[in-house]
Amino acid sequence: MTDTRPFSAADLHPLDGWGGGPVMSHFEGVMWRLDANPRMRSTMTAVEILDHAPDWQRLRAAHERLTASVPRFRQRVVEPLLGLGTPHWVDDPDFSLDYHLRRLRVPEPATPRQLLEQAQWIAMTPFDRARPPWEVTLIEGLADGRAAYVLKMHHALSDGHGMMQLLSQAHSRSPEPGPPVKLRLRKPAAPLPSTATVLGQQLRAGLSRLPQQARTLAADVAQGLQRPGAAQEALRYAQSAARMLGRKPAPKSPLLAGRSLDWHFDALDFPLDAFKAASKRSGASLNDAYIAGIAGGVRRYHEQLGQPIDKLPMVFPVSVRTAADGLGGNHFVGGQFDAPLDEPDPVACMKQVGAFVEHLREEPALDVLLRVMPVVGRLPTPLLGKMMSGVTAAQDVQATNVPGLRHPVYIAGARVTHFFGFGPLPGCAAMFAMLSHDQRCCIGINTDAAAVREPDRLVECMRLSFDEIIGTPGITQVFAGPAKP
């Protein structure tokens with residue numbers, strides 16, 4: 001599963017290379033192009049609760065430094081003419097921090113429910129594709145003088161782990177201002193050549209490499225045939241690829257069948273130490289307990305509405321990020337799991353999750369979906385959207401677990417008390433995202449309003465499920481209840 005180690009000093013690196021090179025990966029290019037279908041938008045949202053409203057000028061200066069240090073945040077996406085090629089990042093000559101950094105005051109004292117409604121509206125608003133695909137909104141007017149920092153960014157920029165690599169350095173460990181930082185002037189990126197020029201260069205380079213590639217291929221084949229076990233390895237990979245690509249999800253839940261463009265945010269949190277102790281007692285990983293908690297909540301929801309089911313199609317990301325990968329970017333594959341909703345024992349459910357993950361990680365072709373992306377990415381956008389929406393719509397639930405910051409952090413002097421992540425809804429009914437922050441587990445829940453007709457009931461079912469796993473009634477807190485009339 002996603003690496004769940006806390007971030008530490010060893011994770012701190014210069015950020016000028018965050019996000020990778022100027023050309024998107026094929027996977028990122030597919031995510032960017034899928035935005036043509038409104039139900040497939042890949043928008044990630046982070047909602048940080050602050051103990052008080054930060055000083056605006058100090059917050060603005062911090063973002064000046066951040067965008068000067070991370071070139072990607074001052075770059076927009078350019079798509080090749082006629083879709084011939086992969087989207088590129090280029091410097092935005094019209095970059096304006098005042099567009100990307102916003103300030104909003106809600107009628108005081110705003111409830112947590114009202115805050116999450118503001119955040120979900122922000123998340124549902126499409127990006128201006130002529131600008132860098134990220135926005136920050138400071139929301140003031142919360143009860144007890146609190147505020148919220150809402151970061152919205154396109155998934156093509158990074159996965160959740162890469163986002164936390166960035167935020168681990170963008171946040172301060174002290175409320176006091178740091179020493180003045182002299183900004184380095186970045187060398188502007190060279191303008192992209194025209195599509196015709198790129199295609200001509202690629203054609204000439206490809207033709208010139210053909211003789212050498214043929215000789216290299218022949219040598220590799222001869223060497224491979226001489227290496228013991230080479231044929232067996234190739235066969236195992238092919239068989240594994242057939243399993244990975246041919247795996248059929250469980251039937252979808254009739255109760256979660258609706259789909260719309262409306263998102264609904266909810267949130268839960270509970271102590272990290274209690275959750276770790278519960279998973280350890282059960283001989284399971286933290287992630288096994290997390291997935292089992294979701295399964296238990298969905299099971300209760302179906303039972304209370306009189307439509308119990310045996311299995312639920314669920315997808316969760318499996319990290320393929322290595323130490324050699326740069327900061328940011330996307331390095332994960334999806335694991336298709338049939339959650340056992342006919343298993344009321346949470347410990348037994350954890351064991352099923354753990355066995356599945358262990359088996360999945362042993363698949364030689366775990367990365368096969370990434371390997372086919374160069375082919376998938378060349379499909380016309382309408383065909384690509386239809387194909388990918390058919391794949392994601394077959395999943396009722398997606399869930400992700402991202403390592404967070406295990407120590408107190410500050411934004412312009414204000415302490416971050418809660419950190420909730422809300423993933424996109426690419427055709428599925430619900431997305432769960434867990435972040436560990438300052439010794440608490442924070443779960444952001446994003447549901448399709450047409451699929452989950454009773455979100456308050458679902459949240460209560462989730463609360464009861466995680467209480468059961470931890471073994472302490474009432475320990476799981478609902479961050480946002482129903483709005484006051």
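pLDDT is the predictor's confidence in each residue, on a scale from 0 to 100. The structure described here is a predicted model, in which local features need pLDDT of at least 70 and side-chain atom pairs count only at pLDDT 80 or more, while totals for chains, interfaces and linings use all residues. Residues are numbered from 1 along each chain as its sequence is written, and side-chain values rest on heavy atoms, with hydrogens and water left out.

The protein has a mean pLDDT of 84, with 84% of its residues at 70 or more. Over residues 1–13 the pLDDT stays under 50, and the model gives this stretch 34 contacts (heavy atoms within 4.5 Å) beyond four places in sequence. Residues 181–185 also stay under 50, with 5 such contacts.

Turning to the strands (E, DSSP runs of at least two residues, numbered from the N terminus, as are helices, H or I, of at least four), an open sheet of 6 strands follows the order E4-E5-E6-E1-E12-E11 with mixed pairing, where two strands pair if DSSP finds at least two bridges between them. Strand E4 (101–110) and strand E11 (410–411) stand at the edges with a single partner strand each, so one side of each has no neighbour in the sheet. Within the sheet, strands E1 (residues 43–50) and E12 (residues 414–422) run antiparallel and are joined by 6 bridges; Ala 46 lies opposite Gly 421 in E12.

Among the helices, which residues make the contact of H8 with H9? Leu 272, Phe 275, Lys 276 and Ser 279 of H8 meet Leu 286, Ala 289 and Tyr 290 of H9.
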